[in-house]
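Dear colleague,

Please find below the structure I agreed to pass on to you. I would be grateful if you could read the notes beneath it with the coordinates open.

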Amino acid sequence: MNSKGFGALFLESPDELRKLNAVYDHLKTLAMSPAESVKFIKEKSHGMAEVQ
């Protein structure tokens, strides 16, 4: 696997692609839903305007 600037990723073998897909699939299971993300951001940003 080679990274060639600007975040480009070149997969050179089927095994590399399988590994990357497995990592991506795992990350998707950890991610919040859009609604959960909005709720989280709202909760974390509540009161920030007064701090600034």
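The notes below go from the overall fold to the helices, the salt bridges and the surface.

Please bear in mind that this is a predicted model.

Overall fold

The protein chain contains 3 helices and 2 strands. Along the sequence these elements follow the order β-β-α-α-α. Of the 52 residues in the chain, 2% are buried. The chain has an accessible surface of about 4,900 Å², and carbon and sulfur atoms account for 63% of that area.

The start of helix H1

Ser13 sits in the loop that links strand S2 (9-10) to H1. The side chain of Ser13 comes to 3.1 Å from the backbone nitrogen of Glu16. With a relative accessible area of 27%, Ser13 is classed as partly exposed, because the partly exposed range runs from 20% to 50%.

Salt bridges

How many salt bridges are there under the rule applied? The count comes to 4. Three of the pairs are described here, beginning with those that involve Asp15.

Asp15 pairs with Arg18, where the closest N and O atoms are 3.9 Å apart. Both residues belong to helix H1 and are separated by 3 residues, about one turn of the helix. Asp15 also forms a salt bridge with Lys19, at an N to O distance of 3.2 Å. Lys19 and Asp15 are 4 residues apart in helix H1, so about one helical turn lies between them. Such spacings matter because an α-helix has 3.6 residues a turn, so that residues three or four places apart point the same way. Side chains of opposite charge can then pair when their charged atoms come close.

Are these partners buried or exposed? Asp15 counts as partly exposed because its relative accessibility is 35%. Arg18 is exposed, since its relative accessible area is 52%.

A further salt bridge joins the side chains of Glu43 and Lys39, with 3.9 Å from N to O. These two residues lie 4 residues apart in helix H2, again about one turn of the helix. Glu43, at 47% relative accessibility, counts as partly exposed, whereas Lys39 is exposed at 53%. As for shared partners, salt bridges link Asp15, Arg18 and Lys19 into one network.

Helix H2 and the residue after it

Helix H2 covers residues 34-45, which amounts to 12 residues. From its first C-alpha to its last, H2 reaches 16 Å, close to the 16 Å expected at 1.5 Å a residue. How many of the 12 residues of H2 are buried? The count is 0, and H2 is accordingly hardly covered. Just after H2, Gly47 adopts a positive phi of about 85°.

A nonpolar surface patch

Which residues form the nonpolar patch on the surface? They are Leu9, Leu11, Leu17 and Leu20, which together have about 290 Å² of accessible area. Leu20 is located in helix H1, which spans residues 14-30. The relative accessibility of Leu20 is 31%, and therefore this residue counts as partly exposed. That value also lies over the 30% needed for a residue to enter a patch.

With kind regards

Note on methods
Residues are numbered from 1 along each chain as its sequence is written. This is a predicted model: local features need pLDDT of at least 70, side-chain atom pairs count only at pLDDT 80 or more; totals for chains, interfaces and linings use all residues. Side-chain values use heavy atoms; hydrogens and water are left out. Buried means under 20% relative accessible area, exposed over 50%, partly exposed in between (1.4 Å probe, protein chains only). Accessible areas come from the Shrake-Rupley method with a 1.4 Å probe; for residues, only the protein chains shown count as cover. Patches are made of residues with over 30% relative accessible area and no salt bridge: like charges are joined within 9 Å, nonpolar side chains (Val, Leu, Ile, Met, Phe, Trp, Tyr) within 5 Å. The expected span of a helix is 1.5 Å times one less than its number of residues. A polar contact is a pair of N or O atoms within 3.5 Å; within protein, one must be able to donate a hydrogen and the other to accept it, and residues adjacent in sequence count only if both atoms are side-chain atoms.
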